[in-house]
Amino acid sequence: MPLGPGTDASLAAANTDFRQRLSDLGVAESAPIGDLPLSVLEVTADQLQKMVDAGLVSDVVEDIPVPPTLQDSIPLIHATQALTLGASGAGQTIAILDTGVEANHPFFGGRVVAQACFSSNVPAQGATSVCPGGATTSTAAGSAAPCGVSGCDHGTHVAGIAAGQDANRRGVAPQANLIAIQVFSRFDDTPGGPQSCANVSRPSPCILSFTSDQIRALQQVFDWRNNFTIASVNMSLGGGNNATCDTDTRKASIDQLRAAGIATVIASGNGGSSTGVGAPGCISTAITVGNTTKSDVVSATSDSAAVVDLLAPGTNITSSVLSGGFGSKSGTSMATPHVAGAFAALRSVRNDLTVDQIEQALESTGVSITDSRNNLARPRIDLEAAVRAVTTPVWSGAIWRYTNVPCTGESCPGWQRLDNNPRTVSIVAGDALYQMHSNGWIWQHTGTPCNGDSCPGWVRLDNNPMGIAIVASAGKLYQLQRDGGIWEYTGTPCNGDVCPGWRRLDNNPMGIAIVADAGQLYQLHRDGAIWRYTGTACNGNSCPGWARLDNNPMATAIAAGGGKLYQLHRDGRIWRYTGTPCNGNSCPGWSLLDNNPMALAIVAGGDQLYQLHRDGRIWRWTGVACQGESCLGWQLLDNNPMANMIAASAGKLYQLHRNGAVWEYTGVPCTGDSCPGWRRLDNNPLTRAIVTAGGALYQLHGTAVTQRHVDGRLWQATGSPCAGQNCPGWQMLDNNPATTQLRFDRGYAYQLHNNGRIWRATFGPCQGESCPGWEMLDNNTRTQAIATANGQVYQLHVDGRIWRSTGAACQGQSCPGWQMLDNNPRTIAIAAGGGQLYQLHRDGRIWRSTGLACQGNVCPGWQMLDNNPNTVAITAAGDQLYQLHRDGRIWRSTGGVCQGESCPGWQMLDNNPNTIAIVAGGNQLFQLHRDGRIWRSTGGVCQGQSCPGWQMLDNNPSTVGISAGDNQLFQLHRDGRIWRSTGGVCQGQSCPGWQMLDNNGRTRQISAGAAN
């Protein structure tokens, strides 16, 4: 009976006074319940009336005793797969409030860590305690031994479902500990006396549980909260039929436990009702569980109402019973421990999760099942899906900082999470760490790491959707916008949505890349020109503050470090700036450092320059420039074909592998083919990019490849390869059957629908069948294709018009965020790579955008690169452009534009008539032959009709498509299998260099994108 709120001292005093006044009224039996304003009484009707008249009670509730309401269900809820993800329940404890537990049963492996008993002696109802020695309360060892009445194996069976394990079977959380609490009493019916068993249709003797004993047990669990890490309480018991019952006296205890992070999981009951459930399952703050069959149908005996939260298998469940045995039982009692165990399993992988977060994870990832009796749809738990939801809720876009602890074996603990925003597409580091979002927003890290899922350590610097790239150096931050505009941050962060802290340095639409070092800022133009900022900001639309350093159309990339500037050419040549700017069109200020066509990327860190080759080899420049065509100034540091990216700063060099492994160079160069000078820092397949500055190292998580199924579902790879035929490494992004094209690049993902709508991913993963992680960019029914590169997205209309996104999302059905770049009806295809956009005409002409938007219907912003009618396809990546001819010839652009109808700016790379497709990613080029053979270009050009510059990567005739991004290559087979190249080349006809990522026969398209 509630006595009202109060402090511990006032409550104790009130209880003493209450019991004294009850004694004065002749009430012989009264007992308070723990620290709660409740007492259990045995009174006559006359005594009760006197208590009411005296104002001693605020509410009266009858203490009604209620009855207790496998292993082949474990695969159904994917608990085995969850276990492989670490969801074992280890370190967690589940409290079983039931008929006791056979603690020495082999199925529990000695994991019953505490016991208690709360059982009552009530002669008027035929009840006697089953606690040791007939006591009504006990917390001694052995207190929760099963009672000696039929049905007393119930608690042992329930406990086994939640946390049992042996060599042949396991429960949901097989490494969790158990607290066993006996809450039942023995009832004996007598002729002319109590008929408690008959009243619940049970033969006498029977076991039933008083509400008061349940409350005492719940209070005991709360009192033990600091002794054990308790994840959940299981109550497979109840009675009555209620739609809701938040006036139930057990609610206060359940709420108290929930606030302490302990879920109370309760059976809905087995009365077959479609309008109500048993108490205490009708309490809204409990986790109420209904029973499904192994065919995913709600059991006809399972009580159902709106208050039911989750469903779980509860029909014909085999679990532990008394005397070390096993037996089968059915009911919501069996469904409930599946959920209680799931709470412990999820807590074991994320001990910071609240009850609300775990409940939401189970509800949002479960399999929806509709009860045909009342049309209520509730989720049947899928533990693997829930584990994935809570362990990687926002893995795409997560940012981590290295804490200088390298890996020990497969354990790589040395990373601290700084953010978890799925919108993040790039990070850069200078004196601080910065990130850019897919909507152009720019943020600076304040130094505060994440606390669980809360990552407050960021301040917004800009919110302009035009932004596509940022660079930082020497306390300066710069951004490059979609129209070529370059801006410098002045130090004023955003105030709400007002972000004034930027000044414009340039407005040339030819700009496609910027780099900064030692107080200097450089930009690369579409035509290969390189410029250095002289310090004069724009005045209106006049931006004179730039000096030209080179004008070579072969330039595809620039890098700066240690006060030095370098450039990489299309043919692999590497040049260092000597300090002499251009004089008119003469630009002599460059010294040749290398001429190897295998060169894929260059990075500079401190005074060091490094290059990455197409085969994964990493080289350091020794300081010796080329003598003519002899370029000996390079030292081999590694030769691993898995290398995908390198980063350097402050004398440190790091590499990222295709499988997400991060390595640090220790200073020991290769000796022959032995390259021991590396130590592993991480092994996370989610890693998409690494950046470093001032000795600090950061990584950005994201996906490298996405796939589209025949039903329109879109999936992003989490990086994990298949284990046998099990391929869990995918997360659903969308499930819209209208999707016709999928494009992925540099952390951005876009899809085109059959009605012309274009959508950009915000990378919020699907929760069940709900996939909200998309924002609409356009809704024009004339759109027939999209292309993306370097953060830019373009669309081609059926009338040949080409449009560039400004980055702005639609507002309702209004989608103004597009600039027209061309309106030529001869256009049949567009391709984008690096910061460049190209178009192909019906007559084979190829054009490169200068970045200028149309003025009305006048669209002058294009330069012709070729006019060969044999061209059938173009592909671009990393500022490289390639074309495929009808006869199988492949050509690479040198960057030179046509002079009239003369278009010499092409180098032939191959002339094989078997070629049917070419794809490019990063600075890599791949081709697919009719027989399924896949080849990678070494960068070498043909000498006459001899074209040796190719390495075979595979020879599987099942291959139907290839996709590349950021130097990664993927292939799709006819049966839907997806494979990732490890970089290894074929040895004769043996081509082992592939890892299977998926084997889903519904896959129809794959799309790979660049990284940071």
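1. **Overall picture.** Buried residues make up 58% of the 1012 residues in this chain. The model is predicted. The chain holds 10 helices and 75 strands. Along its principal axes, the C-alpha trace spans about 115 × 60 × 60 Å.

2. **Confidence.** Mean pLDDT for the chain is 90. Of its residues, 95% reach 70 or more. Residues 1-7 need care when you read the model: pLDDT stays under 50 there. For that stretch the model has 18 contacts beyond four places in sequence.

3. **Helix α4.** Start with α4, residues 154-163. How many of its residues are buried? The count is 10 of 10, and the helix is mostly covered. Among the buried residues are His 154, His 157, Val 158 and Ile 161. Gly 155 and Gly 160 are also on that list. What do these buried residues pack against? Their partners are the strands β3 (93-98), β7, β10 (230-235), β16 (317-320) and β17 (326-329), plus helix α8.

4. **Val 172, just past α4 in the chain order.** Val 172 sits in the loop between α4 and β7 (177-182). Is Val 172 buried or exposed? Its relative accessible area is 1%, under the 20% cut-off, so Val 172 counts as buried. Leaving out neighbours within four places in sequence, Val 172 contacts Ile 161 and Ala 162, two residues that are buried in α4. Its other contacts include Ile 74, Ile 77, Ala 87 and Leu 383. Pro 337, His 338, Gly 341, Ala 342 and Ala 345 are also in contact with Val 172. Val 172 and Ala 79 are 93 residues apart in sequence, but their C-alpha atoms are 6.0 Å apart in space.

5. **Helices α8 and α9.** Helix α8 covers residues 332-349, and α9 covers residues 355-365. Two packed helices are described by the angle and the distance between their axes. Here the angle is about 110°, with the axes 10 Å apart. Angles of 65 to 115 degrees count as roughly perpendicular, so α8 is roughly perpendicular to α9. On the α8 side, the contact uses Ala 342, Phe 343, Leu 346 and Arg 347. On the α9 side, it uses Val 355, Ile 358, Glu 359 and Leu 362. By class, that gives six nonpolar, no polar and two charged residues. Ala 342 appears in this contact and also touches Val 172.

6. **Arg 760.** Which strand holds Arg 760? Arg 760 is found in β53, residues 757-761. Arg 760 has a relative accessible area of 2%, under the 20% cut-off, so this charged residue is buried. What does its side chain reach? One partner is the backbone oxygen of Gly 807, at 3.1 Å. Another is the backbone oxygen of Ser 438, which lies 3.3 Å from a polar atom of the Arg 760 side chain. Beyond four places in sequence, Arg 760 also touches residues including Asn 439, Arg 482, Tyr 750, Trp 774 and Glu 775.

7. **Ala 141, a contrast.** Ala 141 lies in the loop between β6 (137-138) and α4. Its relative accessible area is 82%, over the 50% cut-off, so Ala 141 is exposed. How far is Ala 141 from Arg 482? The two are 341 residues apart along the chain, and their C-alpha atoms are separated by 71 Å. Arg 482 is one of the residues that touch Arg 760.

8. **Cis peptide bonds.** Look at two prolines. A cis peptide bond joins Ser 204 and Pro 205, with omega about -5°. Pro 205 lies in the loop between α5 (196-199) and β9 (206-208). A cis bond also joins Ala 279 and Pro 280, with omega about 15°. Pro 280 lies in the loop between β13 (277-279) and β14 (287-292).

9. **Positive phi.** His 78 is not a glycine, yet its phi is positive, at about 60°. His 78 lies in the loop between α2 (45-53) and α3 (79-84). At 27% relative accessibility, His 78 is partly exposed. Asn 404 is not a glycine either, and its phi is about 75°. Asn 404 is in the loop between β20 (398-402) and β21 (415-420). At 57% relative accessibility, Asn 404 counts as exposed.

Note on methods:
Residues are numbered from 1 along each chain as its sequence is written. This is a predicted model: local features need pLDDT of at least 70, side-chain atom pairs count only at pLDDT 80 or more; totals for chains, interfaces and linings use all residues. Side-chain values use heavy atoms; hydrogens and water are left out. pLDDT is the predictor's confidence in each residue, from 0 to 100. Contact means heavy atoms within 4.5 Å. Helices (H or I, at least four residues) and strands (E, at least two) are DSSP runs, numbered from the N terminus. Buried means under 20% relative accessible area, exposed over 50%, partly exposed in between (1.4 Å probe, protein chains only). A polar contact is a pair of N or O atoms within 3.5 Å; within protein, one must be able to donate a hydrogen and the other to accept it, and residues adjacent in sequence count only if both atoms are side-chain atoms. Axes are lines fitted to C-alpha atoms, for helices over the stretch in contact, and angles run from 0 to 180 degrees between N-to-C directions. Angles under 35 degrees count as roughly parallel, over 145 as roughly antiparallel, 65 to 115 as roughly perpendicular and the rest as oblique.
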